[in-house]
Amino acid sequence: MNKKLSFKKSFEAKLKNSQVAAKKKAISLFTAMSVAHVDDEESNTCDVHHVEKALPGGDFYTGQWYKSLPHGRGNYLWTDGCMYIGEWFKGKIMGKGKFIWPSGATYEGDFKHGFMDGQGTFSGISGDTYKGSWIMNLKQGEGTYSFSHGDCYEGEWCDGYQEGHGIYRWKNGDHYVGQWNKGLMNGNGKMVWSNGNEYEGCWEEGIPKGNGTYKWPDGSSYVGVWSKDGIEQNGTYHPSDSQTDNLDWDPQQMFLEDLKDCKICPCEKISIMPSEKMPNWTGMAKENNRMQKRFDGSLSRHSFSDFDGFSSASEENSRDGDERGGNINQEGPVTMARSPLLVMAMKKQGKSISRGHKNYELMLNLQLGIRHSVGRPGPAITLELKSSAFDPNEKVWTRFPPEGSKHTPSHQSCEFRWKDYCPLVFRTLRKLFDVDAADYMLSLCGSDALRELSSPGKSGSFFYLTSDDKYMIKTMKKTEAKVLIRMLPAYYKHVRSFKDTLVTKFFGLHCVKLTGAVQKKVRFVIMGNLFCTDHVIHRRFDLKGSFQGRTTAIPESEIDPTTTLKDLDLNYIFRLQKLWFEEFRRQVDKDCDFLERERIMDYSLLVGLHFRDVSSTPTSGAITPTGNGDCENGEAPRLSQASNDQLVIDPTGRSSDRLGIKIAARAEKTVRKTDCELVGEPTGVTSDVILFFGIIDILQDYDISKKLEHAYKSMQYDPTSISAVDPKLYSKRFRDFIFKVFVQDT
């Protein structure tokens, strides 16, 4: 034991000296560093620069670089979902940082040579937290461990166990204060129960053993030698001056009853330590060019990613049962796998973009650009933005040559230029919408392919979905990009003022410009996907409140759950609980007022329905499944009277914390009796549904083309029935229609 402590102290002193030297060296390097423009290819006097490195096993590093090694601040993403964000010293994790496991567990604090070492906080997947001192991945020194169920230990640790002096508090109010050894009460200590009884004396392996005194609140006590073996137990009872009921008390009762609920909970084990994930940078400088050439092969292996570079330590080195490499759960070993965020139970909509796809290189460029934009260091984010941040000229161009540059990685695509529009504004919007930068990058630029929806929209735009369905990427015309930039100050103010706004959430606006003979520009916007849910969307509707062209022009037999139906296809009204309905009306009014002020029209309400009592999803045909599984009659599933009563008497109806996401409601079947009405007559046939809805397509202003469209179509149709109308009229018509489709449940 003494040898072990002596070795650890010696090792810690050595690490401390190297840490001091590292900090001095880093200070001198970073002081001399100057910031160059992203397109400046001239050599810098300082070797510390920002890079993005794709590694051969699929890992990815973005951050500061010095002499072929990470040095300074940088982020490292492993293919299994582990991530480190923080400080590096000559290729080693060293300094302040945060390590994130795929399970959601995190450690934030000090690192030395890849080990959790110093002061830090571990937050486990079970809700347990430890805040205190670490040495070489083990809890060592002073620290506090809070269990998710309410127990807490505060005191000394050694080799990852409670050892030394500490206090353990149970959630029922009992507590022990005294000596510990290997995670158990051992030595002199005092146990105090919530009823006022207490024991003070010797402990061994978690139970009283040896001399000790048991006391009652009335002043009586039992003094003797304690043992769980009744034969060894002996002592003397000392009554108090007052009358007592403890004369017949059996000392063994303390073992059988008093200590029954005083169990010491084990600490949560960690599946794999950051030190076991340390990348192997050996020989990196010599092999850099060769490894970058393998980028093409890496892409084909990972379907759609530009990962390339250097492998990390194998996870097979994890040791179950030991805290340096134990299991994150306490039940047994768990095999590390890809992040569960990338695993979806349902069949994905759209076609994966892989090598050979016509837009493969474009999407590769997109991923390279997004990695660069999100990973680039920036100033601290504040929600109070200056007007200059919204300047239409506030954009950053970056050149991506195939051979790479000081600021961009090498790649197998053609040379292109990348533009970020109002980068600070969109960075702040992502913070406002609670989007984690690491999760955002993983969704858009992970090893799984993006998916292209079957066909472009009416505007000619293409739509792409991320593998986890969180984000949608839409290519856009120059006019749409101009509208978004023009309305960006008002949009930012609106979404900041109204947390439950139904308008589309925008996360980034970018442009890819291909160089060479074909000077092609592709602009695209990144938006939130309204239908990112575990619930199957059985029916979806795009509602505007107009007649002309507002029906689905495909055969009924080809309609499936992915088909977007329109106004004239709608055969439901939706009954919302009172609180949701009132909030819905208020928010639609606020959102329409905002769009009207910005001269926006042609937007729509996208609605998705999940029928709660449907056992399977329909795959074809414009039919709505019934409660008994018979789809031939086309009726919606009926609720039992008990289900109806449950919905009616629910005082809040709150199944969600956010308007438009997972709202419990009733859909009532309607029948349209004439062709001149958009909303049919209710039939009384209701279905228990979960609704998802939001206002989309908000980037069309009433420009000259829409005015000409209005004039032309007005000569053929009723001017009030077409989509292209003045924003004020459009807003009124939209609201009137939506408030007929969505009504309060009575």
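In which sense do strand β7 (residues 115-123) and β8 pair, and over how many bridges? Here are some notes to go with the model, which is a predicted one.

1. To take that opening question up directly: β7 and β8 run antiparallel to each other, and their pairing spans six bridges. One contact to look up in the viewer is S123, whose bridge partner in β8 is T129. The two strands make a hairpin, with five residues between them. Within that turn, G127 has a positive phi of about 100°.

2. On its other pairing, β8 meets strand β9 (residues 138-146), again in the antiparallel sense and over six bridges. T129 is worth a second look here, as its bridge partner in β9 is S146. β8 and β9 also form a hairpin, this one with two residues between the strands. M136 sits in the turn and has a positive phi of about 50°.

3. How much of β8 is buried? Five of the seven residues of this strand (residues 129-135) are buried, so β8 is largely enclosed by the rest of the structure. The cut-off behind that word is a relative accessible area under 20%.

4. Further along the chain, you will find an open sheet of eight strands with antiparallel pairing. Its order reads β18-β21-β22-β23-β25-β24-β20-β19. The edges are β18 (351-352) and β19 (395-400), each of which pairs on one side only. Inside this sheet, strand β22 (residues 463-465) and strand β23 (residues 471-476) are antiparallel partners over three bridges. L465 has M472 as its bridge partner in β23.

5. There is also an open sheet of seven strands, and here the pairing is mixed. The strands follow the order β27-β26-β29-β31-β30-β28-β32. At the edges lie β27 (564-565) and β32 (742-744), and each pairs on one side only. For a closer view, try strand β29 (residues 604-611) and strand β31 (residues 681-696), which pair in the antiparallel sense over eight bridges. G608 finds its bridge partner in β31 at F692.

6. Finally, a word on the surface. Which residues form a positive patch there? They are K395, K478, K482 and K521. Of these, K482 belongs to helix α8 (residues 478-497). K482 counts as exposed because its relative accessible area is 53%, and the cut-off for that class is over 50%.

Notes. Residues are numbered from 1 along each chain as its sequence is written. This is a predicted model: local features need pLDDT of at least 70, side-chain atom pairs count only at pLDDT 80 or more; totals for chains, interfaces and linings use all residues. Side-chain values use heavy atoms; hydrogens and water are left out. Patches are made of residues with over 30% relative accessible area and no salt bridge: like charges are joined within 9 Å, nonpolar side chains (Val, Leu, Ile, Met, Phe, Trp, Tyr) within 5 Å. Accessible areas come from the Shrake-Rupley method with a 1.4 Å probe; for residues, only the protein chains shown count as cover. A salt bridge is a side-chain nitrogen of Lys or Arg within 4 Å of a carboxyl oxygen of Asp or Glu. Lys and Arg count as positive and Asp and Glu as negative; His and the chain ends are not counted. The place of a charge is taken as NZ of Lys, CZ of Arg, CG of Asp or CD of Glu. Helices (H or I, at least four residues) and strands (E, at least two) are DSSP runs, numbered from the N terminus. Buried means under 20% relative accessible area, exposed over 50%, partly exposed in between (1.4 Å probe, protein chains only). Two strands pair if DSSP finds at least two bridges between them.
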